[in-house]
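Reader: I would like a close look at one part of this model, described in plain terms.

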Amino acid sequence: MSYEIKNVKIIGDHPKMQEVYELIIHYSRTDAHILISGDTGTGKELVARAIHSNSASANEPFVGINCTVLPETLLESELFGHERGAFTGAGERKIGKFEVARGGTIFLDEIGNLSPHLQQKLLRVLQEREFERVGGNEPIHVEGRFIAATNQDIEREVKNGNFREDLFYRLNVVAMHVPPLRERKEDLPLLANYFLSRYNDRLKKAVKGFSDEAMALLQAYTYPGNVRELENLTERLVVLKGEGTIEVEDLPPALTVGRKGVFSS
């Protein structure tokens with residue numbers, strides 16, 4: 001089974017995925033802030049996009065940013081924007097993600113990695129629905145819904161003093177969890193064959209499928225990188241095989257001798 005809303009496709013028959021589908025529909029009918037938890041590679045951004053695409057704001061922008069990819073000063077500028085001359089190198093005004101969203105959805109991936117300074121600034125945005133660009137004094141109204149995602153136990157981070165409790169409650173108006181692939185192994189053949197077809201088309205290859213023995217080994221693997229790891233693995237197999245059926249001897253040692261994490265990049 002695949003669940004598709006305006007070009008957002010999520011694949012899986014497992015009961016835990018059925019729960020995810022139901023929550024996507026339910027939450028898309030509200031404008032409440034959402035906190036999505038789940039291991040790295042489970043598809044949290046895809047779920048956020050599905051919620052946005054089925055909401056009343058579907059025609060407005062979906063603006064996402066990963067809170068781990070930039071140092072604090074650059075991330076602050078990306079989120080809030082800055083005025084010309086705000087800091088060395090700021091030669092012109094920059095419009096930040098909060099302005100770009102314009103009533104759509106602002107997706108903050110790996111929110112648990114925000115610095116204390118940015119946690120405080122984000123809390124004000126959520127409370128007051130306004131902010132100023134870096135180096136500016138003019139209040140700018142914020143519209144739209146915030147969806148945050150994390151691979152951390154945020155409640156534990158709150159208890160450890162690493163994440164603001166008031167910010168957690170502002171973001172966690174409603175919550176959902178995306179299960180890891182190891183908890184829905186029954187979906188693996190659906191996913192593997194979907195990725196096989198995608199990369200056959202994209203790479204102009206003619207791989208017919210997986211042998212029963214190869215598929216059994218695929219299902220026995222633990223996938224620390226989750227669906228993303230399976231996709232990367234399938235792409236590599238299509239590239240290397242080119243045509244015919246993927247057999248046991250085509251699989252990497254990670255699947256045949258028990259090593260973990262080889263394809264999680």
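Reader: At what angle do H8 and H10 pack, and how far apart are their axes?

Author: The model is predicted, so local features need pLDDT of at least 70 and side-chain atom pairs pLDDT 80 or more, while totals for chains, interfaces and linings use all residues. Residues are numbered from 1 along each chain as its sequence is written, and side-chain values use heavy atoms, without hydrogens and water.

H8 and H10 (DSSP runs of H or I, at least four residues, numbered from the N terminus) pack at about 45°, with axes 9 Å apart. Axes are lines fitted to C-alpha atoms over the stretch in contact, and angles run from 0 to 180 degrees between N-to-C directions. The pair is therefore oblique (not under 35, over 145 or 65 to 115 degrees). Their crossing is right-handed (near helix turned clockwise from the far one by less than a right angle).

Contact (heavy atoms within 4.5 Å) involves residues of H8 including Leu188, Phe195 and Tyr199, and residues of H10 including Val227, Leu230 and Val238. By class, 11 are nonpolar, 2 polar and 3 charged (nonpolar: Ala, Val, Leu, Ile, Met, Phe, Trp, Tyr, Cys, Pro; charged: Asp, Glu, Lys, Arg; polar: the others).

The largest pocket (on a 1 Å grid over the protein atoms alone, an open set of points where a 1.4 Å probe fits, with protein on both sides within 12 Å along at least five of seven lines; lining residues have an atom within 4 Å of a point) is lined by 26 residues, and Val227 is among those nearest its centre. H8 (188-203) and H10 (226-241) are among the elements giving two or more residues to this lining. The lining has 11 nonpolar, 6 polar and 9 charged residues.
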